[in-house]
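User: I'm new to reading protein models. Could we go through the inside of this one together?

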Amino acid sequence: MLNVVLFGPPGAGKGTQSAFLVEAYGFIHLSTGDVFRANIKGATPLGTLAKSYMDQGQLVPDSVTIDMLAAELAKYPAAPGFIFDGFPRTGPQAEALDALLSGMNASVTAMLALEVPETELKARLLERGKTSGRPDDADPNVIQKRIDVYNADTAPVQHFYEAQGKYIGIPGVGSIEEITQRLKVALDTL
Ligand code: AMP
């Protein structure tokens with residue numbers, strides 16, 4: 001069972017690349033952002049809570065996010081492997097993921113981290129905001145806040161996986177196909 005954390009700042013291409021990797025490897029794709037957005041659409045209490053953070057570019061609190069991820073994982077007892085997109089985003093989330101997977105006799109195989117310079121991220125997010133319908137892509141101040149939160153709270157999660165020898169950096173600039181190819185080369189070494 002291959003369990004991959006697809007890591008990187010907002011706009012790095014995690015969602016786009018996940019779709020190709022699901023097709024090629026049959027992963028179950030778990031995107032915490034997608035689950036929150038589905039809850040917002042469904043007007044659930046979780047959606048209302050998550051929206052109040054997401055619209056400000058802030059992280060949804062760990063306890064809420066971890067409980068939600070645990071519930072998602074439990075839906076797939078026979079999964080061939082997971083690709084985690086947008087999770088973990090904090091140290092406590094990384095520890096919780098290890099604990100949850102170990103309860104399933106599994107572990108994180110590797111973190112594949114898409115490395116993209118900040119100027120490129122901002123340009124991509126503003127472009128995506130024209131069509132994504134995501135309020136957090138539409139406002140340059142919220143985009144900056146998301147990048148700042150990433151640098152402060154999420155980037156350090158890299159060290160958690162480096163310490164376990166599981167970190168793999170992937171250059172995230174180039175065509176979508178080129179980046180997919182780099183990810184596949186890395187996955188095929190695991
Ligand atoms: P994403 O779709 O991954 O860009 O996430 C969109 C927003 O959802 C983030 O800016 C956060 O507000 C929230 N979110 C998604 N995943 C997490 C997470 N693992 N921890 C906390 N908040 C999250």
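**The nonpolar cores**

User: How many residues does the largest nonpolar core have?

Analyst: Keep in mind that this is a predicted model. Val5, Phe7, Leu69, Phe84, Leu97 and Tyr161 have the most contacts inside the largest nonpolar core. Counting its full membership, the core has 21 residues.

User: Which element gives the largest share of this core?

Analyst: Six elements each supply at least two residues: strands S1 (4-7), S3 (82-85) and S4 (110-115), plus helices H4 (62-74), H5 (91-102) and H9 (157-162). The largest share is four residues, and it comes from H5.

User: And how many residues are in the second core?

Analyst: This one is separate, and Leu114, Leu121, Ile179 and Leu187 are among its members. Its total is 18 residues.

**The rings**

User: How are the rings of Tyr76 and Phe82 arranged?

Analyst: A search of the whole structure turns up five aromatic pairs. In the pair Tyr76 and Phe82, the ring centres are 6.2 Å apart and the planes sit at 75°. Planes over 60 degrees apart count as edge-to-face, so this pair is edge-to-face.

User: Is Phe82 buried or exposed?

Analyst: Its partner Tyr76 has 29% relative accessibility, so Tyr76 counts as partly exposed. Phe82 has a relative accessible area of 0%. Under 20% means buried, so Phe82 is buried.

User: Which residue joins Tyr76 and Phe82 in a ring cluster?

Analyst: Ring pairs link three residues into a cluster, with Tyr76 and Phe82 among them. The remaining member is Phe84.

Terms used
Residues are numbered from 1 along each chain as its sequence is written. This is a predicted model: local features need pLDDT of at least 70, side-chain atom pairs count only at pLDDT 80 or more; totals for chains, interfaces and linings use all residues. Side-chain values use heavy atoms; hydrogens and water are left out. A nonpolar core is a set of buried Ala, Val, Leu, Ile, Met, Phe, Trp, Tyr and Cys residues joined through side-chain atoms within 4.5 Å. Buried means under 20% relative accessible area, exposed over 50%, partly exposed in between (1.4 Å probe, protein chains only). Rings of Phe, Tyr and Trp (its six-membered ring) pair if their centres lie within 6.5 Å; planes under 30 degrees apart count as stacked, over 60 as edge-to-face and the rest as tilted.
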